[in-house]
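Hi,

Here is the structure I promised to send over. Have a look at it first, and my notes follow underneath.

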Amino acid sequence: MATRTQSRSSSNRSSDRSSGESRSRNQNRSAFSWGDNAGPLLGAAIAGAAIGFAANYGRKALMQGMEATLGDWDEILTAEHDEALALFDKMLATDQTQTFKRKMLFMKLCHALDKHAHEEEMVVYPALREDDQAGDADHLESEHGYIKTFIFELSEMGTDAPNWLEKVRDFRQLVSEHAHNEEENVFPKFKQSMTEEQNAHITSLVNRDGFWMA
Ligand SMILES: [Fe+2]
Ligand SMILES: [Fe+2]
């Protein structure tokens, strides 16, 4: 019976032999040879590039289409506020036995708020700061921190907890007041100070950010 050392060294020898054979086979080929199976590989590479191109083209066309239909940045954000508040209302219409429905609605709400916060924190609030409205931007961003705190607390809490509805109601109140301040005060004041080009630019950035977060 071969020892472990013997079998390792004999297998090494056989691999040396086979790698030597394969080296000599390879020497017959050009260094730039595509090899025997190049056809399918090349086809797959071209198909991959075509899919990538089509996906990019489709994405661009989709974004241009979105920008044409969704309106200005403030209208997009207002529509998202309405969407979030409608989810809150659905959550508030549930009872303690509907734990699965509560979980699904909460997940949808978290995703919607996350996308929305990203658009504001990465585009609108920095643009506000550049426009000498840092006070408003900082205040709104700090409120986003408390929105995340509610998300954390609700994630930690069971959806059948007796105070779940009360927590959701308080959360909705904060989001509603925050959204109202943006829609009625901060956004109109900011929009008034913009040129048409700036308005179009911010709209395009909000669309781009929202698209990647969708
Ligand atoms: Fe906000
Ligand atoms: Fe907002």
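What spacing do the donors of the iron ion (ligand 1) follow along the chain? It is E-x4-Y-x18-H-x33-H-x3-E. Before you read on, bear in mind that this is a predicted model.

Now the site itself. Five residues coordinate the iron ion (ligand 1): Glu 120 through OE, Tyr 125 through OH, His 144 and His 178 each through NE2, and Glu 182 through OE. The distances run from 2.0 to 2.3 Å. There is a second iron ion (ligand 2) 3.2 Å from ligand 1, and Glu 120 coordinates both.

The site also ties together distant parts of the chain: Tyr 125 sits in helix H4 (residues 99-130) and Glu 182 in helix H6 (residues 164-192), 57 residues apart. Are those two buried or exposed? Tyr 125 counts as buried because its relative accessibility is 0%, and the cut-off is under 20%. Glu 182 is buried too, also with a relative accessibility of 0%.

As for the rest of the chain, you will find 7 helices and 0 strands, so to speak an α-α-α-α-α-α-α run from the N terminus on. The chain has 214 residues, of which 31% count as buried. If you take the contacts with a separation of 6 or more, 76% of them are between residues 24 or more positions apart. About 13,900 Å² of the chain is exposed, with carbon and sulfur atoms supplying 55% of that area.

Cheers

Technical notes
Residues are numbered from 1 along each chain as its sequence is written. Chains are lettered from A and ligands numbered from 1 in the order in which they are written. This is a predicted model: local features need pLDDT of at least 70, side-chain atom pairs count only at pLDDT 80 or more; totals for chains, interfaces and linings use all residues. Side-chain values use heavy atoms; hydrogens and water are left out. Donors are N, O and S atoms within 2.8 Å of the metal (3.2 Å for Na, K and Ca); water is not among the atoms, so sites may look incomplete. Helices (H or I, at least four residues) and strands (E, at least two) are DSSP runs, numbered from the N terminus. Buried means under 20% relative accessible area, exposed over 50%, partly exposed in between (1.4 Å probe, protein chains only). Contact means heavy atoms within 4.5 Å. Accessible areas come from the Shrake-Rupley method with a 1.4 Å probe; for residues, only the protein chains shown count as cover.
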